[in-house]
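Visitor: I've got a model open and I'd like to learn how to read it feature by feature. Where do we begin?

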Amino acid sequence: RLDTENTSIEFVSKKGNLILRWGDNLYYFPRNIARFEKTVELKFANYGITLPEENRFDFQGDFTGKAAVVFAGSGDLSHRKAGRFAMTAFKAVAARKAGAEMLIVVHKSDTPERWLPPNDIAKIAAAGNPLTDLPNSVPDFPVIDVNYSAVSDLLFDANLKPLPEFEGVTVSFKSEFKDHKDVYGYNVCGKIPGKSDEYLLLGAHYDHIGIESENE
């Protein structure tokens, strides 16, 4: 399970330090069960959109070893033009290609309890559910959601522009897991000789949903 009590992010700047913990203006929904801890500098990437036909390249400069910070949505670009590239998943791909170590998505909603996208709201309740993964899993590329109201004074001015000292800010992000349990499965292979030259292959796996029929 994701250890939400010990998953946090800390911003360190000349203006002071800011710590956000999971569920308190910070959400993170990992796919792999692997502890992550890293301290890097921030670099702003506007809305994180790469769209050559609109001459839009938000990941300008060197993001190698940095935490890319983007706003959620498409900004001054219409949703129709931005299309899927305004989605967090595509921003994460672009950030990773640019060399970033993680992506921080800043949500500007004025309603703190509903600032996450609707499809992520359901993930909050499921965050404590057991996760399964293969042994020796490596951390996935962290995509971290934070609320604008929590970081605005530290990172942005009144016009939503990064403060002059923005790129001097360092961020430390860590995610923890608990209740680990190793479960071992076994592969089984067998052959039953038939009476023809044809073969019938049968397969199954542990997480199958069982047998379905039209009558059920």
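**Reading the fold from the inside out**

Guide: Let's begin with a helix: in α4 (residues 148-155), six of the eight residues are buried, so the rest of the structure largely encloses this helix. Keep in mind that this is a predicted model.

Visitor: Which residues of α4 are buried?

Guide: The general idea comes from helix geometry. An α-helix has 3.6 residues a turn, so residues three or four places apart point the same way. Here, the buried residues of α4 are Tyr148, Ala150, Val151, Ser152, Leu154 and Leu155.

Visitor: And what do the buried residues of α4 pack against?

Guide: Strands: β1 (2-13), β2 (16-21), β4, β7, β8 (102-107) and β9 (143-147).

Visitor: How do I read a nonpolar core? Which residues have the most contacts inside the largest one?

Guide: Think of a core as buried nonpolar residues joined through their side chains. The largest one here has 43 residues, and Phe11, Leu42, Ile104 and Val151 have the most contacts inside it. Helix α4 gives the largest share of this core, five residues. There's also a second, separate core of 12 residues, with Phe59, Phe63, Ala68 and Val70 among them.

Visitor: Take leucine 42. What does it touch?

Guide: Leaving out residues up to four places away in sequence, leucine 42 touches Phe11, Ala67, Val69, Ile104, Leu155, Phe166, Glu167, Val169 and Val171.

Visitor: On to the sheet. What is the strand order?

Guide: With a sheet, read the order across the strands, then look at the edges. This one is an open sheet of eight strands, ordered β2-β1-β10-β4-β7-β8-β9-β3, and the pairing is mixed. At the edges stand β2 and β3 (26-28); each has a single partner strand, so one side of each has no neighbour in the sheet. From one strand to the next, the twist averages 25 degrees.

Visitor: How does β3 join β9, parallel or antiparallel?

Guide: Antiparallel, through three bridges. Leucine 26 has valine 146 in β9 as its bridge partner, and tyrosine 28 stands opposite isoleucine 144 in β9.

Visitor: And how many bridges join β8 to β9?

Guide: Five, and these two strands run parallel. Valine 106 stands opposite valine 146 in β9. Four of the five residues of β9 are buried, so β9 too is largely enclosed by the rest of the structure.

Visitor: Which strands does helix α2 lie across?

Guide: Helix α2 (residues 88-97) lies across β7, β8 and β9, and it runs at about 140 degrees to β8.

Visitor: Now the aromatic rings. Why is the pair of phenylalanine 44 and phenylalanine 71 edge-to-face?

Guide: For ring pairs, check the centre distance, then the angle between planes. The count here comes to 16 aromatic pairs. In the pair you picked, the centres are 5.7 Å apart and the planes are at 80 degrees; planes over 60 degrees apart count as edge-to-face, so this pair gets that label. Phenylalanine 44 lies in strand β4 (residues 36-44) and phenylalanine 71 in strand β7 (residues 66-71), so the pair ties together parts 27 residues apart in sequence. Phenylalanine 44 is buried at a relative accessible area of 17%, and phenylalanine 71 is buried at 2%.

Visitor: What about tyrosine 148 and phenylalanine 156?

Guide: That aromatic pair is tilted, with 5.8 Å centre to centre and 35 degrees between the planes. Both of these residues, tyrosine 148 and phenylalanine 156, are buried. Step back and you'll see a cluster in which ring pairs link Phe44, Tyr47, Phe71, Tyr148, Phe156 and Phe166.

Visitor: Where do charged ends sit over rings?

Guide: For these, look for a charged end above a ring face. Lysine 108 has its charged end over the ring of phenylalanine 71, 4.8 Å from the centre. The charged end of lysine 43 sits over the ring of phenylalanine 63, 5.4 Å from its centre.

Visitor: Last one: is aspartate 120 buried or exposed?

Guide: Buried means under 20% relative accessible area, so aspartate 120, at 10%, counts as buried. Aspartate 120 is in helix α3 (residues 118-126) and touches Phe29 and Asp145, not counting residues up to four places away in sequence. Compare glutamate 54, in the loop between β5 (50-51) and β6 (56-57): glutamate 54 is partly exposed, with a relative accessible area of 34%.

How values were computed:
Residues numbered from 1 in each chain as written. Predicted model: local features only at pLDDT ≥ 70, side-chain atom pairs only at ≥ 80, totals over all residues. Heavy atoms only, no water. Phe/Tyr/Trp six-rings, centres within 6.5 Å; stacked < 30°, edge-to-face > 60°. Buried < 20%, exposed > 50% of the residue type's maximum accessible area, 1.4 Å probe, protein only. Lys NZ or Arg CZ within 6 Å of the ring centre and 35° of its normal. Contact = heavy atoms within 4.5 Å. Core = buried A, V, L, I, M, F, W, Y, C linked by side-chain atoms within 4.5 Å. Pairing = 2+ DSSP bridges. Axes fitted to C-alpha atoms, helices over the stretch in contact; angles between N-to-C directions.
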